[in-house]
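Welcome, and please have your viewer open alongside this report. We will go through one helix pair, then the nonpolar cores, and end with two loop residues.

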Amino acid sequence: MKNALFENYLKWFQNHRNSYPNTPPLVEENFTLKELHTYEVIKNAEQIADFLSFSHEELFLAKTTALFHDLGRFQQFYQYQTFLDRISANHAELSVTILRKDSVLSHLSEKESSLILDAILYHNRYEIPLDAPKKTTLFSKILRDSDKLDIWRVLADYYYEQRRNNKNPALEYGLLDNGKYSPFVVESFKKNECIKIEDRKTVNDIIVYHLSWIFNVYFPITLKLADERKLFDKIFSALPDSPEKKEVFASFQEFMNKAAKCF
Ligand SMILES: [Fe+2]
């Protein structure tokens, strides 16, 4: 029964994605990017749920959370032509607003829908609220790791390949493309800290910022999958050689060598 419900949710999601009229090429490109991202995040959530030996019901919840986590991205990009929440709207809150407005989760129990909505709400926060219920925290962690994994894929593909021929301003956030790194960003990385979004000043900072998510991975399987998919190799090879790159890479390797013991 839950399989059929998930299929309906998938169709609803696709209808929503196609419901915005007259999308210009830049909007269409980024809608497709987010649609594909969503499907990949679902697959990642399945793999992590499998690793955690989830039941059929729990798997359904993890997949549904993944399916709807970035729903608000379509409205956000359509209205503001940016993925930057700071200058547009909080896309996680937008996702929840749309799901509530259209009563999308009305077939679920109050408990199930609250869990899904809260996990969506927490997916783009710097941290999961410490007072969140245990189960919400678990599903938030799965979503955040599944999301990280696919954002690394998007980043690897974009900086490794696509950027050479076709720059996408939505992935560069109007930041400086001067080949430099902000010293604060490099220092934070060396301290194994998750870099804050507002500290990014250059295109290289964007890459280091995303790499710093390794310090906030919840499940060892996430780093194992990223490693197997060679995502970090691609991301590093896209960074221009410099002393800063060497420093970041040394910290990265040290951290990953320790983490690999848990794989
Ligand atoms: Fe998101």
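## A helix pair

At roughly what angle do the axes of α6 and α7 cross, and within what distance do they come? In this predicted model, the two axes cross at roughly 50° and come within 9 Å. Since angles from 35 to 65 degrees fall outside the parallel and perpendicular classes, that crossing makes α6 oblique to α7. As for its hand, the crossing of α6 and α7 is right-handed.

Which residues make the contact? On the α6 side they are L115, D118, A119 and Y122, and these meet K135, T136, F139, S140 and L143 in α7. By character, the residues of this contact divide into 5 nonpolar, 2 polar and 2 charged.

## The largest nonpolar core

Let us turn to the core. The largest nonpolar core holds 28 residues, and those that touch the most other members are A45, A62, A66, A119, F139 and I142. Two or more residues each come from α2 (25-51), α3 (56-68), α4 (72-80), α5 (91-101), α6 (110-122) and α7 (134-165). The largest share, 6 residues, is given by α3.

A119 deserves a second look, as it appears both in this core and in the contact of α6 with α7. Which residues does A119 contact, leaving aside its neighbours within four places in sequence? They are T65, T136, F139, S140 and L143. T136, F139, S140 and L143 are also on the α7 side of the helix contact.

## Another core

Apart from the core just described lies another, of 25 residues. Among its members are W152, Y159, I195 and I206, which you may like to pick out in your viewer.

## Two loop residues with positive phi

Most residues other than glycine have a negative phi. Against that background, two residues are worth checking. N22 is not a glycine, yet its phi is positive, at about 50°. Its place is in the loop between α1 (2-17) and α2. Is N22 buried or exposed? With 6 other C-beta atoms within 10 Å, N22 is exposed.

S103 also has a positive phi, near 45°, and is a residue other than glycine. You will find S103 in the loop between α5 and α6. How many other C-beta atoms lie within 10 Å of S103? There are 9, so S103 counts as exposed.

Methods:
Residues are numbered from 1 along each chain as its sequence is written. This is a predicted model: local features need pLDDT of at least 70, side-chain atom pairs count only at pLDDT 80 or more; totals for chains, interfaces and linings use all residues. A nonpolar core is a set of buried Ala, Val, Leu, Ile, Met, Phe, Trp, Tyr and Cys residues joined through C-beta atoms within 7 Å. A residue is buried if 20 or more other C-beta atoms lie within 10 Å of its own, exposed if 12 or fewer, and partly exposed in between; C-beta atoms are placed from the backbone. Helices (H or I, at least four residues) and strands (E, at least two) are DSSP runs, numbered from the N terminus. Two residues are in contact if their C-beta atoms, placed from the backbone, lie within 7 Å. Axes are lines fitted to C-alpha atoms, for helices over the stretch in contact, and angles run from 0 to 180 degrees between N-to-C directions. Angles under 35 degrees count as roughly parallel, over 145 as roughly antiparallel, 65 to 115 as roughly perpendicular and the rest as oblique. A crossing is left-handed if the near helix is turned anticlockwise from the far one by less than a right angle, and right-handed if clockwise. Ala, Val, Leu, Ile, Met, Phe, Trp, Tyr, Cys and Pro count as nonpolar, Asp, Glu, Lys and Arg as charged, and the others, Gly among them, as polar.
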